[in-house]
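Please look through the model shown here before reading on, and keep it in view while the report takes up its parts in turn.

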Amino acid sequence: MSASTSSGTTDALGPDPIPGAELLAALLDGMDAALCAFDADGTVTHWNREAERILGWSAGEAVGRPGFAGWAVRRADAGEVQGRLMAVMDGPGRQVHEFALLRKDGGRVLVRTQSAGVRGADGKPAGVYCAFSEVHAQIDLERSIALSEALFEEASWGVVLVDVDLRPTVVNAHAARALGGGRTTLLGRPLGELIVQGVEDLEGALQHVLAEGAPSAPAELWVTLRTGDGDRRRCWRSGFLRLASPLAEEPVPLGVGWLFQDVTAAKLAAQDADRVRFRSSQLHRASRSAAECEDPMEAATSSLDYALAGFADHALIDLVVGERLVRAAETPSDAPGPCLQVAGGGIPLRYAPGHPALQAVDRTGSVRASAGAGSAQAAGEWAAERRWPADSVHALCVVLRSRGRTLGVVTFLRASHRAAFERPDAVYAESVADRVAASVDLHQALGTVPP
């Protein structure tokens, strides 16, 4: 050893190399698979720790034995096993076999082997090496690999692997379609580039899994996706798994496995069913309440009070007097409250031509209107021009008809925290209007107001 090496430094040629035998022994003992080798005569020359773990025979007991006969294989099977193992020495490539080997304690274990020939420096056959593992362990590994490949190719739900920075690293075909991109184009992109709304909830769930582990039950996340055809709102039932490296002594997080299914249709159907049940219940309660009212106009306003629950923020009743509309009842414009009859009344409303209420009378049907996208000031001006409460941004005007006559219009109004009225909302409002119109007609027939 040179002086420089003995003093703790290295010379220009570097440190002394690890002897080849020691390096080979370390590599063999560090392998996860059991490995043994035979020379050209079939004598065992190498035996690693995994082979010792599986069969119980130490390297000292195995190396130097002439094949497996009588100790690692039953004598009746030894010839066939040895012949199949050594046959690979003269052929190209590897061969896979399954054998029943004997453990040191006398038990038998089924192993799957991969063997290949070894050539000497002169190119001539010099022996055989054989790697083997228990069949059930090999099958478990193959199942894991097959499952992984199936998840990322053929699964009917989305599978996404995200790294610790919450960026997709692997995306299966189903998830790529759901996210609106390709399997490779989505990789490495922040989730916020794909999801317009709901990304905070998704990233929060992923961060929780990284820190605390997988939740005990799936979570339903509502997100809005940005697509070439516009934004799409979807509901994903999601499960999460924390991924850790199996090679580290302590768990090292590699990221999160995110599995999800699109349950939007089922959730919307359930919401619609709940909405229909609630509205049917409200109509039933309104009918019961109206039946107890002595004043038919009170019955009309009571019906509107029940209809407003979960449906709208304001309601107005405008009745036809001559060729004009007159306000008969309304809810408070500045705060929630019941629909009450307007004291005095009789002053025609100054609705401009084309007003939605006038359109409903002309069409003898329902008219929907919205302020549209814009500032709160613009929405306030829109409501003021139509003589509606200042917070109104969505309107639904429904004509009141009874005995073939148009009696007026009932207007439902929503503030900005609610969605615009849709066709199912108009159907419900028309059912309410039928009850209101019947009460108003009775009110007029009794002569309490001029027809």
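The report below deals with confidence, strands, salt bridges, cysteines and one loop residue.

This is a predicted model, in which local features need a pLDDT of at least 70 and side-chain atom pairs count only at pLDDT 80 or more, while totals for chains, interfaces and linings use all residues. Residues are numbered from 1 along each chain as its sequence is written, and side-chain values use heavy atoms, with hydrogens and water left out.

## Confidence

The pLDDT is the predictor's confidence in each residue, on a scale from 0 to 100. For the protein chain the mean pLDDT is 87, and 93% of the residues reach 70 or more. Over residues 1–14, however, the pLDDT is below 50, and in the model this stretch has 9 contacts beyond near neighbours in sequence, a contact being heavy atoms within 4.5 Å.

## An open sheet and a helix across it

Helices (H or I, at least four residues) and strands (E, at least two) are DSSP runs, numbered from the N terminus, and two strands count as paired if DSSP finds at least two bridges between them. Strands of a sheet pair through backbone hydrogen bonds, either parallel or antiparallel.

In this model 5 strands form an open sheet in the order β2-β1-β5-β4-β3, with antiparallel pairing. Its edge strands are β2 (44–47) and β3 (94–102), each of which pairs on one side only. On average, neighbouring strands of this sheet are turned by 25° against each other, direction ignored; axes here are lines fitted to C-alpha atoms, for helices over the stretch in contact, and angles run from 0 to 180 degrees between N-to-C directions.

Strand β1 (residues 34–39) pairs with β2 in the antiparallel sense over 3 bridges, and Cys36 has Trp47 in β2 as its bridge partner. Helix α5 (residues 75–86) lies across β1, β3, β4 (108–119) and β5 (125–134), and runs at about 155° to β3.

## Strands β8, β9 and β10

Strand β8 (residues 195–197) pairs with β9 in the antiparallel sense over 2 bridges, and here Gln197 stands opposite Thr224 in β9. Strands β9 and β10 also run antiparallel and are joined by 9 bridges, with Ala219 standing opposite Ser238 in β10. The connection from β9 to β10 is a hairpin through 2 residues.

## Salt bridges

A salt bridge is counted when a side-chain nitrogen of Lys or Arg lies within 4 Å of a carboxyl oxygen of Asp or Glu. A search of the whole structure finds 22 salt bridges, and the table gives some examples.

| Pair | Closest N and O atoms |
|---|---|
| Glu61 and Lys104 | 2.7 Å |
| Arg103 and Asp105 | 3.5 Å |
| Arg237 and Glu220 | 2.6 Å |

Glu61 lies in helix α4 (residues 59–62) and Lys104 in the loop between β3 and β4, so the salt bridge between Glu61 and Lys104 ties together parts that are 43 residues apart in sequence. To describe the surroundings of such residues, buried means under 20% relative accessible area, exposed means over 50%, and partly exposed lies in between (1.4 Å probe, protein chains only). Glu61 is partly exposed at 28% relative accessibility, and Lys104 is likewise partly exposed, at 44%.

In the second pair, Arg103 is partly exposed, with a relative accessible area of 29%, whereas Asp105 counts as exposed at 60%.

The pair of Arg237 and Glu220 meets in a salt bridge that links distant parts of the chain, since Arg237 is in strand β10 (residues 230–244) and Glu220 in strand β9 (residues 219–227), 17 residues apart. Arg237 is partly exposed at 38% relative accessibility, and Glu220 is partly exposed at 35%. Elsewhere, Glu50, Arg53 and Glu134 are linked in a network of salt bridges.

## Cysteines

A disulfide is a pair of cysteine sulfur atoms within 2.5 Å, and the structure holds 0 disulfides. Why does the sulfur of Cys397 form no bond with the closest cysteine sulfur? The closest one, in Cys339, is 14 Å away, which is too far for a bond. Cys397 is buried, with a relative accessible area of 0%, and Cys235 is buried with a relative accessible area of 0%.

## A loop residue

Thr331 lies in the loop between β13 (324–330) and β14 (340–341). Is Thr331 buried or exposed? At 5% relative accessibility, Thr331 counts as buried. Leaving aside residues up to four places away in sequence, Thr331 touches Leu308, Asp313, His314, Ala315, Gly337, Pro338 and Cys339.
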